[in-house]
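Dear colleague,

Please find below the structure I promised to hand over, together with its sequence. My notes on it follow.

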Amino acid sequence: IDAGYTPSPGDVFDFVTYASRTGTITLGVNPYSGFSLIHQATRVRLAQAAATTCTWNGSTGPWSDPARWVDCSAAVGPPGGTPGPAETAVITAGTVTLDFPVVVGGLDMTGGVLNGANDLNIVNSFNWTGGRIEAPAGPAQTLILQTGASALLSGGQKVLDRRQFGINGSLIWTTGLIELANGAGIQISPT
């Protein structure tokens, strides 16, 4: 069932309430996209799970390895246990390789390196205060801030190396330089 509504993290709605009941409530297939059905003592609720923040453990490895993401076991990725469209990825140190095209809810990058031969799409928020975002030599790879998303660039120097940064959402750049290296570029879509 598509009710024409996209749930936000933390949204909760009472689906059925009752003072008492006889028998057992069995929750079948959930027809409501984006919500979970939760059975409680006096009601059945539709709830959108709160967004998960997944922090890279500072090592070097592929995005797709759940063992390298801290506090991310509830994330649905893909693959499970890695940040996906409902999660925020936090990178403070280490090297994260985009080993497949990634769509993530948010990215907070304060240090470390994000590299790899695949695109990264950000659907909600991007905060960049430090670190390097790279791509290998070859066809251009893109970091895409999707329409409706917002970005905040602040802090010290940041490096964009061989990767394109496509801005389709809103951007606030308060402080810090961005070094564009080896053909990197920034494309701003008209609103």
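A residue is called exposed when its relative accessible area is over 50%, and buried when that value is under 20%. The model described here is a predicted one.

With that cut-off, Asp71 counts as exposed because its relative accessibility is 63%. Asp71 is found in the loop between S6 and S7, and its phi is positive, at about 60 degrees, although the residue is not a glycine. The loop between strand S6 (69-70) and strand S7 (87-91) also holds Pro79. The peptide bond leading from Pro78 to Pro79 is cis, with omega near -15 degrees.

A further non-glycine residue with a positive phi is Asn182, at about 55 degrees. Asn182 sits in the loop between strand S18 (178-181) and strand S19 (185-188). Its relative accessible area is 51%, so Asn182 is exposed.

I would also draw your attention to Lys158, in strand S15 (residues 158-161). Which side chain of opposite charge is nearest to Lys158? That side chain is Glu179, 11 Å away, and Lys158 is buried yet has no salt bridge. Polar atoms of the Lys158 side chain do have backbone oxygens beside them: that of Gly156 lies 2.6 Å from one such atom, and that of Ser154 lies 3.0 Å from one. Leaving aside residues up to four places away in sequence, Lys158 touches several others, including Trp128, Thr129, Gly130, Gly131, Leu153 and Thr175. Gly176, Leu177, Ile178 and Glu179 are also among the residues that Lys158 touches.

With kind regards

Conventions: Residues numbered from 1 in each chain as written. Predicted model: local features only at pLDDT ≥ 70, side-chain atom pairs only at ≥ 80, totals over all residues. Heavy atoms only, no water. Helix = DSSP H or I, 4+ residues; strand = E, 2+ residues; numbered from the N terminus. Buried < 20%, exposed > 50% of the residue type's maximum accessible area, 1.4 Å probe, protein only. Lys, Arg positive; Asp, Glu negative; His and termini not counted. Salt bridge = Lys/Arg side-chain N within 4 Å of Asp/Glu carboxyl O. Polar contact = N/O pair within 3.5 Å; in protein donor to acceptor, adjacent residues only side chain to side chain. Contact = heavy atoms within 4.5 Å.
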